[in-house]
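The following explanation leads through one protein model, beginning at one side of its sheet and moving on to the helices and selected residues. The reader may wish to keep the structure in view throughout.

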Amino acid sequence: MIKEDILKDINYWARRAYSARMTPATSGNISRFEEDIIFMSRSGVCLGDMGNEDVSELNINGDLLNGIKPSSEKLMHLEIYKKRPDIKAVIHIHCPYTTSFAVCHKEMNEPILPEFIYNFGTVPSAKYALPSSMELAQEVSGYFSNGHNAVLMQNHGLVAGGKTLKEVFYHLESIQAYAKTYFAAKFLGKIHKLNKDEIKKINDLKG
């Protein structure tokens, strides 16, 4: 694929994530793995202001290829790509709604929405580790190794992966909607969960 198309794709979905209030200020990061090169948002950039000059290039070993310093969370992206060859795109967000679950050390596992059950089942909560550390990268990527496509990080945020940045963004939008629905429902009154039989029927739709 032409490099200009890759950069355009990264910039577009970075701005979409910012516009959706998933990455306030300079928080969050985004990457895409294409033709043995990881294209990643640079350190300290606001995703809403992303341009071609804000995209770092690395190989799978983390070696810098174009002189632009990558996000401080590069280790987490690298470990996810190493452990899940099917994943070609990663976005890490600090959306207040989803991060609230991370701050409470609470998984997203309440069976309240059929779409969420079908697509995710549960979004697990990885134990706290220092941001940008190898400890965090290994803790989070371990959940991806077990088949999860989205993981909360205690007192930090959330990261999701998929085949394309478009797919990842839709994952994040669905998770953000779940979080907002959960908080609104808590305010309105008692939450009514789907029962085991209803959950089984939803999962059976996968075939």
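In this predicted model, serine 125 stands opposite leucine 152 of strand E6. This pair belongs to the contact between E5 and E6, two strands that run parallel and are joined by two bridges. Within E6, the side chains alternate: Ala150 and Leu152 point one way, whereas Val151 and Met153 point the other way, and all of these residues are buried.

E5 and E6 are part of an open sheet of seven strands, whose order is E3-E2-E1-E4-E7-E6-E5 and whose pairing is mixed. Strand E3 (55-58) and strand E5 (125-126) stand at the edges; each has a single partner strand, so one side of each is left without a neighbour in the sheet.

Further along the sheet order, E4 meets strand E7 (residues 157-162), and the two run antiparallel with five bridges joining them. Here valine 90 stands opposite glycine 161 in E7. Helix H3 (residues 96-103) packs on the sheet and touches E4, strand E6 (150-153) and E7, with a direction that makes about 65° with that of E6.

Strand E4 (residues 89-93) also pairs with E1, in the antiparallel sense and over four bridges. One bridge from E1 to E4 can be followed at the residue level, for the partner of arginine 32 in E4 is alanine 89. E1 itself, which spans residues 29-34, is mostly covered, with five of its six residues buried.

The neighbour of E1 in the other direction of the sheet order is E2. Strand E2 (residues 37-41) pairs with E1 in the antiparallel sense, again over four bridges, and phenylalanine 33 has isoleucine 38 in E2 as its bridge partner. The two strands form a hairpin with two residues between them, and glutamate 35 in the turn has a positive phi of about 55°. Helix H1 (residues 3-19) lies across E1, E2 and E3, running at about 155° to E1.

Which residues does serine 41 touch, apart from those up to four places away in sequence? Serine 41 is found in strand E2, and its contacts are Asn29, Ile30, Leu47, Met50, Asp54, Pro70 and Ser71. Serine 41 is buried, its relative accessible area being 1%.

The packing between helices can be considered next. Two packed helices are described by the angle between their axes and the distance between the axes. For helix H2 (residues 74-83) and helix H5 (residues 134-145), the angle is about 30° and the axes are 8 Å apart. Angles under 35 degrees count as roughly parallel, and H2 and H5 are therefore roughly parallel to each other. Their crossing is right-handed. On the H2 side the contact is made by Leu75, Met76, Glu79, Ile80 and Lys83, and on the H5 side by Met134, Ala137, Gln138, Val140, Ser141, Gly142, Phe144 and Ser145.

H3 and H6 have another arrangement: their axes come within 8 Å and cross at roughly 75°. This angle makes H3 roughly perpendicular to H6. Tyr97, Thr98, Ser100 and Phe101 of H3 make the contact together with Ile175, Gln176, Tyr178, Ala179, Lys180, Tyr182 and Phe183 of H6.

Helix H6 (residues 165-188) also contains glutamate 173, which is partly exposed, with a relative accessible area of 35%. How far apart are glutamate 173 and alanine 20, in sequence and in space? They are separated by 153 residues in sequence, and their C-alpha atoms are 8.1 Å apart.

The cysteines complete the account. The structure holds zero disulfides. Cysteine 46 is in no disulfide, and the nearest cysteine sulfur, that of cysteine 95, is 15 Å away. Cysteine 46 is buried, with a relative accessible area of 13%. Why does the sulfur of cysteine 104 form no bond with the closest cysteine sulfur? That closest sulfur, in cysteine 95, is 14 Å from the sulfur of cysteine 104, which is too far for a bond; a disulfide requires cysteine sulfur atoms within 2.5 Å. Cysteine 104 is exposed, with a relative accessible area of 59%, whereas cysteine 46 is buried.

How values were computed: Residues numbered from 1 in each chain as written. Predicted model: local features only at pLDDT ≥ 70, side-chain atom pairs only at ≥ 80, totals over all residues. Heavy atoms only, no water. Buried < 20%, exposed > 50% of the residue type's maximum accessible area, 1.4 Å probe, protein only. Pairing = 2+ DSSP bridges. Contact = heavy atoms within 4.5 Å. Axes fitted to C-alpha atoms, helices over the stretch in contact; angles between N-to-C directions. Parallel < 35°, antiparallel > 145°, perpendicular 65-115°, else oblique. Left-handed = near helix turned anticlockwise from the far one by under 90°.
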